[in-house]
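Trainee: I'd like to learn how to read a model like this one, feature by feature. Can we start as soon as it's on the screen?

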Amino acid sequence: MRFNGQSLFTPGQIFGTRTNDNAGVGKVGEIIESTVLVGAPVALTVSGTAYDITSISLTAGDWDAWAVASFIPNAATTITGFASGISTTSATLPTAPGAGAYLVHNWPFTTGNGQSFPVGMRRLILAATTTVYLVSVAGFAVNTMGGYGYLGARRVR
């Protein structure tokens with residue numbers, strides 16, 4: 001059987017879209033994503049405390065999830081470190097190595113300078129609809145800190 005001149009049954013090959021559309025709900029390639037922009041960061045009010053930056057709801061299935069975590073301090077804020085991860089538990093960092101989606105940075109940072117880091121990618125095999133969180137922790141003093149970022153997931157099968 002052929003479609004647009006391509007065999008639909010070539011071993012090892014999956015016929016994909018040839019335009020700029022999206023995979024449907026429940027289909028391989030479906031993508032769910034959430035972004036918190038720099039202009040509306042989540043207030044990280046207590047140093048060393050985990051906060052949910054954003055979340056997505058994933059239905060049962062096999063998903064790959066990835067994230068970017070960003071931090072924006074006040075100009076006078078001193079920074080001692082950052083940690084972020086993808087978690088299925090609200091306001092809780094995953095246990096290292098976080099199935100590949102875990103980040104910790106502890107070193108001298110320039111006072112007041114924002115930072116953005118790729119958190120990584122992890123596989124989520126879900127038996128039921130589950131909320132997935134981008135969780136971040138910042139170590140800081142003197143002033144205020146905000147967190148923002150991106151969390152996405154694609155159904156892989």
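Trainee: Is Thr129 buried or exposed?

Mentor: This is a predicted model, so take every value as computed from it. The cut-off for exposed is over 50% relative accessible area. Thr129 has 53%, so it counts as exposed.

Trainee: Where does Thr129 sit, and what does it touch?

Mentor: Thr129 belongs to the loop between β9 and β10. Leaving out residues up to four places away in sequence, its contacts are Ser57, Leu58, Thr59 and Ala60. You can also use Thr129 as one end of a ruler: its C-alpha atom is 37 Å from that of Asn74, and the two residues are 55 apart along the chain.

Trainee: How do I read the overall build of the chain?

Mentor: Begin with secondary structure. There are zero helices and 11 strands here, so the element string from the N terminus is just β-β-β-β-β-β-β-β-β-β-β. Then check the dimensions. The C-alpha atoms occupy a box of roughly 70 × 30 × 25 Å along the principal axes. The radius of gyration is 19 Å, against a value near 15 Å for a compact globule of 157 residues.

Trainee: And what percentage of contacts join residues at least 24 apart?

Mentor: Take the contacts between residues at least 6 apart in sequence: 78% of them join residues at least 24 apart. As for the surface, the chain exposes about 8500 Å², with 57% of that supplied by carbon and sulfur atoms. Of the 157 residues, 38% count as buried.

Trainee: What should I look for among the buried residues?

Mentor: The general idea is that nonpolar side chains tend to be buried together in soluble globular proteins. In this model the largest nonpolar core has 29 residues, and Leu58, Phe71, Phe82, Ile86 and Met145 touch the most other members. Two or more residues of this core come from each of β5, β6, β7, β9, β10 and β11. The largest share, five residues, is from β6.

Trainee: Which residues is Leu58 in contact with, beyond its neighbours in sequence?

Mentor: Leaving aside neighbours within four places, the list is Ile32, Trp63, Leu124, Leu126, Ala128, Thr129, Thr130, Val132 and Ala153. Notice Thr129 in there: you've already met that contact from the other side.

Trainee: How do I read aromatic pairs?

Mentor: Look at the distance between ring centres and the angle between planes. There are four aromatic pairs in the structure. In one of them, the rings of Phe82 and Phe117 have centres 5.8 Å apart and planes at 50°, so the pair is tilted. Phe82 is in strand β7 and Phe117 in strand β9, so this pair ties together parts 35 residues apart in sequence. Both residues are buried, and together with Phe71 and Phe109 they form one aromatic cluster.

Trainee: What about a polar residue such as Ser70: is it buried or exposed?

Mentor: Compare its value with the cut-off, which is under 20% for buried. Ser70 has a relative accessibility of 5%, so it counts as buried. This serine is in strand β6, and its side chain makes a polar contact of 2.6 Å with the side chain of Ser116. Apart from residues up to four places away, Ser70 touches Gln115, Ser116, Gly146, Gly147 and Tyr148.

Trainee: Last one: how do I spot backbone features worth a second look?

Mentor: Most residues other than glycine have a negative phi, and most peptide bonds are trans. With that in mind, go to the loop between β7 and β8, where Pro97 is found. The peptide bond joining Ala96 and Pro97 is cis, with omega about 10°.

Trainee: What is phi for Ala91 and for Ala99?

Mentor: Phi is near 55° for Ala91, a positive value in a residue other than glycine. Ala99 also has a positive phi, near 55°. Ala91 is in the loop between β7 and β8, and Ala99 is found in that loop too. Ala91 has a relative accessibility of 35%, so it is partly exposed. Ala99, with 49%, also counts as partly exposed.

Note on methods. Residues are numbered from 1 along each chain as its sequence is written. This is a predicted model: local features need pLDDT of at least 70, side-chain atom pairs count only at pLDDT 80 or more; totals for chains, interfaces and linings use all residues. Side-chain values use heavy atoms; hydrogens and water are left out. A nonpolar core is a set of buried Ala, Val, Leu, Ile, Met, Phe, Trp, Tyr and Cys residues joined through side-chain atoms within 4.5 Å. Buried means under 20% relative accessible area, exposed over 50%, partly exposed in between (1.4 Å probe, protein chains only). Helices (H or I, at least four residues) and strands (E, at least two) are DSSP runs, numbered from the N terminus. Contact means heavy atoms within 4.5 Å. A polar contact is a pair of N or O atoms within 3.5 Å; within protein, one must be able to donate a hydrogen and the other to accept it, and residues adjacent in sequence count only if both atoms are side-chain atoms. The radius of gyration is taken over C-alpha atoms; the globule rule is 2.2 Å times the number of residues to the power 0.38. Accessible areas come from the Shrake-Rupley method with a 1.4 Å probe; for residues, only the protein chains shown count as cover. Rings of Phe, Tyr and Trp (its six-membered ring) pair if their centres lie within 6.5 Å; planes under 30 degrees apart count as stacked, over 60 as edge-to-face and the rest as tilted.
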